[in-house]
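Hi,

Here is the structure I promised to pass on. Have a look at it first, and my notes on the aromatic rings follow underneath.

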Amino acid sequence: MFFITEPDINFRIKGSRDPLGFQPIWQKLGRNIIKDLSTVSIDIRDFQLMSFAWYFWGDRPDKNFIGFFYKFEQACAYTRELYFEKSGYNGKNFVRKRVNESIFKLSANKVDWILSNQKTFGVFGKYNRPFTEMRIKYQDDFISVMESAINTKTDSKKLLQLVEKLITEDVVIITKEEMHPIADLLSQLSVKEKQFYERLILENPTHKCQNELYHLFKKKPELRENIFQLYPFIESVLKHDISLELKACLVEIKNTERILYSYTNLFRHLQSRPVWQLAEINEEKIFNYFPKKQDYVFTKVAVNDLNKELDSLKKDKSKIALAAVHRNQTVSERRNNSAWIKKEKGNLVRYYADGSREISVLDVSNSYENSYFIPTYISLFNQIDPVI
C-alpha cells in the first residue's frame, strides 16, 4: 500500500505552484542520487561566473558582494550575447534590446538590472545554494585554479583593470572591446577548471550514489547521449552492474513518480470544472489509468494518508479525489493561502485553476512530472566532459 506524507510544515513553496505539496517528496528522493544540484543550476558558465566573482572579491566583506556581483553578471551577460551566439543566460531579453549600443552601463541600480529582480532570478538566486553546498570557494585549490585560468586564457592585466572598476565604481561604462577578457575567460574550461568542476559537481566523492553514477557515466557515456526520459533512463541504468543502494534509489523513484504523476493530473482534471458532484467523479475515465494496487514497499520516503483508499478504488473513486482536495487544503493553509478546491454541501467547488485541463487518459508507464535532478546532472556532465 502506498501512502503519501503530510507536507513538511517547514517547507515553503515560492508562488502558487505544486498544489499538492509533492515537491519535498520528489526532491528528497532526487537528493539520494544527485546531492547538490537544482533543476535550474544547469549551465557550467554560470558556475564559472560565480567562481570568478568570488575569486575577484577576495577577502572583502561578504555583505558588500552582491553590488559587485550585479555589475559582473551584467558584464558577463553582454559578453555572452556579443561573443557566444547560441549562449543562454539570465536576462537575455533585456540585453538583446541594448546589444547594438556602442557602450554599456553597468550598476547595482534597478534601472540597469537585467532581470526584474536580478538577485532572485539571476545567477546568484539560481546558483548560490548549490555553489555554497559544494563549498566551491572553500576548496584548497580554488585560488590556484582561478589564477591559472585567468593567466592562461586571457590578458590578465586588462581583465583585472576591468574588475577593479566593477568593484570600486558605482556605475561602470564599458565598450565591446573591453569585454574581450571576459569572453576569453568564459569561452571554454581550462584543463584545471575541468578537473575542478568535474570533481565537485559531477564526481562528489563523499556521496556514494552520485559517485557511483559518475563512474558509470565515465565508463558508459552512451547513458548520457540521448534526450532524457525518466523511465527509459532508469531501466537502462538498472541493466548495469550497480550497487543495491543505487538500484533501490532508482526503483523507489520509478514507483513514487507513477503515484505522484497520477495524483497531479487528477487534481488538474478536478480544476477543469467549476463544480463537481461527488457522484459524477466516480464516472471519470481518468481513474481507469490509476494504479489499482501498489505492491512495492516504499522505504526511502516516509509516506502516509493520501492513498488509503487505493484498494477500494473501484467502489468509490470520489474518496481519492477528496483525499487530493484535503491535501491541497492542508498545503494551502500552511502557505497562508486559500485552497484551490473546496468541499461544499456535498460538492467540490473550484476557486482557483492553474494548469487545469480535462484529462481522460494517463500514460503512467511513460509520462512523468518530476525529473529528480537527473537531467541537470547529465547536462552539466556533457558540458564538462563532452561525449566524443
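Y263 is buried, with a relative accessible area of 1%. Keep in mind that this is a predicted model. The ring partner of Y263 is F290: the two centres are 5.2 Å apart and the planes sit at 85°, so this pair is edge-to-face. What I like here is that the contact links distant parts of the chain, with Y263 in helix α13 (residues 244-270) and F290 in the loop between α14 (278-281) and α15 (318-334), 27 residues apart. F290 counts as buried too, at 3% relative accessibility.

How many aromatic pairs does the structure hold? There are 30 of them. Another one to look at is W57 with F65, where the ring centres lie 6.0 Å apart and the planes meet at 75°, so that pair is edge-to-face. Both rings belong to buried residues: W57 has a relative accessible area of 5%, and F65 has 1%.

W57 and F65 also belong to a cluster joined by ring pairs. The other members are F52, W54, Y55, F56, F68, F69, F72 and F124, so try selecting the whole set in your viewer.

Then there are the charges over rings. Which ring does the charged end of R258 sit over? That would be the ring of Y231, with the charged end 4.7 Å from the ring centre. R273 does something similar with W276: the charged end of R273 sits over that ring, 3.9 Å from its centre.

Cheers

Definitions and conventions. Residues numbered from 1 in each chain as written. Predicted model: local features only at pLDDT ≥ 70, side-chain atom pairs only at ≥ 80, totals over all residues. Heavy atoms only, no water. Phe/Tyr/Trp six-rings, centres within 6.5 Å; stacked < 30°, edge-to-face > 60°. Buried < 20%, exposed > 50% of the residue type's maximum accessible area, 1.4 Å probe, protein only. Helix = DSSP H or I, 4+ residues; strand = E, 2+ residues; numbered from the N terminus. Lys NZ or Arg CZ within 6 Å of the ring centre and 35° of its normal.
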